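Visitor: I would like a close look at one part of this protein, namely the second largest pocket and what lines it. Please go on from there to whatever can be said about individual residues elsewhere in the chain.

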Amino acid sequence: MNPVFRLTTVACVAAAGLFALSTPPFAQEAEEAEPVVTSKIYTIRGVSQSEMRQGTRTNAVRDVLAPDRLLAGRVPERDIDAWSLRDSGDEARCWDNLHESFYCFKEFIRAEDVDCLLHSETSMLVTGTEEDHRRMKWVVDAMSEVSQARVNVVIYRLKDAPVDNPLVAANEVATRAKGARMVGAMAGGLGDPLVLQRTEHTTYVADHNYDVATSAKVAEPEVSTLNTGEEIVVGVVSMPDGRLWMQGWQASTQLNRMRKRETTAGTVELPDVGYRYVPISAEFENGGGVILDGGDGRRFMVTARCDRTVGDHELTCDDGTVLKLLNVAGALRGHGLADAWLMTPNSEEWLGESLLPQVTIEPIEDGPYNDAAIMLADTLYDFGGEFSIVGPYLGLRLPALEEDQPDALKQRHSLLQAIDQRRTRSGTVAVRLTAYQLKDTAALPAGVLLGRPTAADAAELNVLAGKNVMTRTLGSMPNQANDLMDLRLAALVRDYEAMTATEVAVQDPAIGTMVLGSQFRWVARPAPEGRMQLELRAGITVGPAEFEVVNPGDPHSIERSRSALAQLRVVDDLAVGERLAAVSPAAGIDGELIVLVLERLK
């Protein structure tokens, strides 16, 4: 102890003794004892990046068949109010090192005098009072709940039977699994992209690039990698009520054939590929699941179970202050991977010079828990709350209030109500999409012509269309755009571009990709009185399987694509059990109609 401090202490004690002798016994107050200071070791894994620098990592398996992989450079913009599955994972790893995390904890629990010394990459020696340790343990336990949570996912391929509801209750999983084929099982943490993948990779000469210099020209082959096969990608986060939010997709790519064509630069290989994509975004009870409906032979049940619930945490401090750590992941919307609308007359412009390029692994950025906390703290700024971003949680400090402070109590009630409103959603929206192709001489039901068909009208359409019916049962969270794709992607030599230099001129072949098939984009938005505003956009493109060669035999001959396109868009507010409909001439077929019906199931 410092000598000056010792003398000061003696003087204070002496003065206190004289004061006690001169004061009547009934006026003396007991001297408060100094709080006892102790040291404890807190172990916490999965909150710092430095923890992973001490050893090797296998890295994650990354998807290769998502829609934006088809479109080089067309990755959808990710907003902070949306959960991007590809960027999430390691949900509690929000700090660079353990010192940063514990400094954040100290600041939130108001324990500035606490000393924290690094004990190991996953533990910290903390010195403080009993109250300091009570608060610190509370924060560390909450962080461990996120970092140590484990998710198990099991996938089955279902029999080809109609699906009435994309959601599967936990007590229905075993029944649904009977007779189904096991596809795979995966495990990981909250928000981790879990990838089940079976792919083949074919390299091919996609193009030639000319290098033109003075009196010289060189055609360099451009080799691309075609990824074909099938993958299912899902991620799961735990909501504060114990339900699970799953987001993901099923995609498949098939090489129909590889054409070869001579150009001025050399031989190029032109793949013809079939592609299907079905997204999913749904909430269901822990242990339940969801059905990915990609049509006959491609219906999958994906079940998920989490070993804990990431709930809210509350602690009342000795001074009456209430600390809250809130799981606000429900404030986010889902993030779709399909950005471009492919059903356009010049769709080959979108796909550029290559098809399905090789994909590299990106580092994990952050995840839905931390993003939601940042977004909500900014949104609720005007409510006057004392917010902190505590890793995956939104931290909230509520000072002690008395009953005689009605205005402050009213403001607090409004704040807590605003938080719950912004993180609570209306649940999964389930729809059935049906496309009918029938003769334009057919007598369509009156409800179809009015855009609001009944169940009887839908049954009559089934009779009129016969086998020309496509049905998909889909699920999504509100305010998320979802694209259902069934495409044929065929590369072709579509142009030649002139390149010149001194005494040299060449014609460089330009490769494009023709897109045929169907694309459906739908979104559900909350509407008054429990209704949902459902918006559906559809595009159907048809064309011949073979390309027409312009000027056959000419070294500069190109291939001409022909296609016919039909597009529809319809929007309306629907209650459960209601339908909306749209009618259009069929693409490229005289005397045929396309009728789309969208039914709200949930």
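Guide: What follows begins with the pocket and then turns to single residues in loops and at the surface. The model is a predicted one, and every value below is computed from it.

The second largest pocket holds about 400 Å³ of space. Its lining is made up of 24 residues, and those that lie nearest the centre are Arg 299, Val 469, Met 470, Thr 471 and Arg 472. Four elements each supply at least two residues of this lining, namely the strand β19 (429–439), the helix α10 (455–465), and the strands β20 (469–476) and β28 (592–600). Of the contributors to the lining, β20 gives the most, with five residues.

From β20 the chain can be followed into the loop between β20 and β21 (482–501), which is the place of Asn 479. The backbone of Asn 479 deserves a careful look, since this residue has a positive phi of about 65° although it is not a glycine. Asn 479 counts as partly exposed because its relative accessibility is 38%, a value that falls between the limits of 20% for buried and 50% for exposed.

A positive phi is also found at Glu 529, where the angle is about 60° although this residue, too, is not a glycine. Glu 529 belongs to the loop between β22 (504–526) and β23 (532–542). With a relative accessibility of 78%, Glu 529 is over the 50% limit and therefore counts as exposed.

A further loop residue, Thr 321, sits between β14 (313–316) and β15 (322–326). Its relative accessible area is 8%, which is under the 20% limit, so Thr 321 is buried. Leaving aside residues up to four places away in sequence, Thr 321 touches Leu 315 and Thr 316, and it also touches Arg 397, Leu 398, Pro 399 and Ala 400.

At the surface, finally, Ile 80, Ile 374 and Ile 389 make a nonpolar patch of about 210 Å². One of these residues, Ile 374, is found in helix α7 (residues 368–379). Ile 374 counts as partly exposed because its relative accessibility is 35%, and this agrees with its place in the patch, because patches are made of residues with over 30% relative accessible area.

Conventions:
Residues numbered from 1 in each chain as written. Predicted model: local features only at pLDDT ≥ 70, side-chain atom pairs only at ≥ 80, totals over all residues. Heavy atoms only, no water. Patch = residues over 30% accessible without salt bridge, like charges linked within 9 Å, V, L, I, M, F, W, Y side chains within 5 Å. Areas by Shrake-Rupley, 256 points an atom, 1.4 Å probe, with all protein chains shown as cover. Salt bridge = Lys/Arg side-chain N within 4 Å of Asp/Glu carboxyl O. Buried < 20%, exposed > 50% of the residue type's maximum accessible area, 1.4 Å probe, protein only. Contact = heavy atoms within 4.5 Å. 1 Å grid on protein atoms, 1.4 Å probe; cavity = no way out; pocket = protein on both sides within 12 Å on 5 of 7 lines; lining within 4 Å. Points joined across faces, edges and corners; volume = space filled by probe spheres on them.
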